[in-house]
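Could you walk me through this structure, step by step, while I have it open in my viewer? I am new to this, so please tell me what to select next and what I will find there.

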Amino acid sequence: SEAVKEFVRQGEVPAFPYFAAGQWSLEGDRLEVRSPIDLGTAAVTARPSVQTALSILERVYSIGRRKIRETPGEERVEIFERTADALERMKEDLVNILMINAGKTRKAAEGEVAASIERLRLAKLDVRRIYGDFVPGDWSADTLETEAIVKKEPLGVVAAILPFNYPLFDAVNKIVYSAIAGNAVIVKPAEADPLPALALAKALVDSGFPPEALAVVPMRGRDMGEVLADRRVAAVSFTGSTETGLQVIKEAGVKQYVMELGGGDPAIVLSDADVKQTASKIVTGITSYSGQRCDSIKYILAEPEVYDELKEEVTEQLSKVRVGDPRDEGTDMGPLIDVRTADEVIEATKDAVSKGGKVLHGGEKVEELGPNYIKPTLIEVEASRLPDLYMYNKEVFASLAAIVKVNSLDEAIALANGRRYGLDAAIFGSDVSKIRKAARLLEVGAVYINDYPKHGIGYYPFGGMKDSGIGREGIGYTIDFVTAYKSIIYNYK
Ligand code: NAD
């Protein structure tokens, strides 16, 4: 598209400048952006130094913060509408970037672009959650003849830190809710795939987003720590692993947080579930985007009456999943983002086998495609041994799941709640009283009944309990986390 041609510098490999709150720049260390398809260099961009980043932050803080607040809400909504139109025009470029840089299949890439466009268009719904309260003071003798207006005010500058798995949608989502609430935003994309956020910056600025109120800086994680610690950053919206999230909180200190952290979800299958349909949903939940989704299914906990049939059906369906180059029409599952994660799948499989687990499918690489391609992996394990497994205690970000026969719903709930994570859970079946019980007792942010977990565009709010996070993302719902209440108290005495 014209927009992408305009800002990408052509050379041996295309060079994507970063957006420094008003200007495009290639200043800093050269950053090679690789493709997980063949691990080769797909493009380059640059990493601003910490010092440069701090001077960008100064511009966002001193100019951008005011500019975004002075842009009427209605106009911000229109800017996002125009950005959605711009993304429509850039669609084919964005799909290609997502396939090449993030290793998504065409279908997954198109899905992410469509979700991003839809999210931009729904910015108008966020506006409806920026109300405040009027509090009369007739509560006590002390407050008689006083009253207060309590309003949600923007915080100033929000730092948005992105994971690699939704490099476009997550940038859109974090920028939309932060800016609709009146905040300027400094975005740090994941090192693996910074390009979609850079293309988005182009679309936003061309659509009238106040340029000083936005920066997209492809920095190293630890360098970003120094920016987060700065007092000019008021809030952090982070999506990534629990380990990195903890590090971010240590670095950033007393700030407001939206933390979308590690997950990996259980699917509880009740004795009266429709086995074929359940298996098909579970297989999608395990394999889509090669299991590199916080909400992907990692544990199947099935009641004894359906266990054998379900096990057979899931294994059978997994064997039909085609692993390959994500650009090929027939491919269901592309590569993993890096070799390290593929190696971790192999290690986690060995660990499970050493604890009595039996590999029902996968557990190995597809070497002819590359060292970061694995077969979807299913391991059968005894309920009593599941808590000993590496993959139960740490999220393995790949298509790797355990299948477990449970004696009762209570046992399934205990196994689901026994993990340090609590993002979402799925329940399949039709026994309403069991479903209600599970929905009430599961320590998670969302329970999906008769479907695999999928946060989608966040039309329903999502976010985790326990080590899976703080706060919620979702249209309208995140406003609470990027604003703070201010009480203005009138005394008439
Ligand atoms: P990651 O933790 O490796 O990196 C996330 C981001 O943090 C990257 O941009 C990285 O550069 C940055 N970072 C690293 N060290 C940092 C530091 N010291 N200070 C500041 N920033 C730092 O995660 P990832 O591999 O990119 O993404 C996968 C993870 O994200 C999984 O754990 C997944 O569950 C999680 N995730 C969660 C949700 C959710 O909604 N809960 C959604 C998507 C992904």
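Start by selecting residues 73-102, which form helix α3, together with residues 195-206, which form helix α7. This is a predicted model, so every stop on the tour shows a prediction. The axes of α3 and α7 lie 9 Å apart, and the two helices pack at an angle of about 155°. Angles over 145 degrees count as roughly antiparallel, and α3 and α7 are therefore roughly antiparallel to each other. Turn the view until one helix lies in front of the other: the crossing of α3 and α7 is right-handed.

Keep α3 selected and add residues 106-121, which are helix α4. How far apart are the axes of α3 and α4? They are 9 Å apart, and the packing angle is about 165°. That angle is again over the 145-degree cut-off, so α3 and α4 are roughly antiparallel to each other. Here too you can look for the handedness: α3 passes α4 in a right-handed crossing. Now colour the contact of α3 with α4 by residue type, and you should find eleven nonpolar, three polar and nine charged residues.

Next, move along to residues 409-417, helix α14, and residues 432-441, helix α15. Their axes are 11 Å apart, and the helices pack at an angle of about 20°. Angles under 35 degrees count as roughly parallel, which means that α14 and α15 are roughly parallel to each other. The crossing of α14 and α15 is right-handed.

Now select the ligand and show what lies around it. How many residues surround the ligand? There are 30, and the closest are Leu162, Ser241, Thr244, Glu251 and Glu395. Colour this shell by type and you get 14 nonpolar, ten polar and six charged residues.

Which elements should you highlight here? Try α8 (221-229), β10 (235-239) and α9 (242-252), each of which supplies at least two residues of the shell. With four residues, α9 gives the most to the shell.

Finally, zoom in on single atoms of the ligand. One of its nitrogen atoms is 2.9 Å from a backbone N or O atom of Leu261. An oxygen atom of the ligand lies 3.0 Å from an N or O atom in the Glu191 side chain. At Gly240, look for a backbone N or O atom 3.4 Å from an oxygen atom of the ligand. To finish, show the ligand's surface: taken alone the ligand exposes 860 Å², and the protein buries 87% of that.

Methods. Residues are numbered from 1 along each chain as its sequence is written. This is a predicted model: local features need pLDDT of at least 70, side-chain atom pairs count only at pLDDT 80 or more; totals for chains, interfaces and linings use all residues. Side-chain values use heavy atoms; hydrogens and water are left out. A residue is near a molecule or strand if one of its heavy atoms lies within 4 Å of it. A polar contact is a pair of N or O atoms within 3.5 Å; within protein, one must be able to donate a hydrogen and the other to accept it, and residues adjacent in sequence count only if both atoms are side-chain atoms. Accessible areas come from the Shrake-Rupley method with a 1.4 Å probe; for residues, only the protein chains shown count as cover. Ala, Val, Leu, Ile, Met, Phe, Trp, Tyr, Cys and Pro count as nonpolar, Asp, Glu, Lys and Arg as charged, and the others, Gly among them, as polar. Axes are lines fitted to C-alpha atoms, for helices over the stretch in contact, and angles run from 0 to 180 degrees between N-to-C directions. Angles under 35 degrees count as roughly parallel, over 145 as roughly antiparallel, 65 to 115 as roughly perpendicular and the rest as oblique. A crossing is left-handed if the near helix is turned anticlockwise from the far one by less than a right angle, and right-handed if clockwise.
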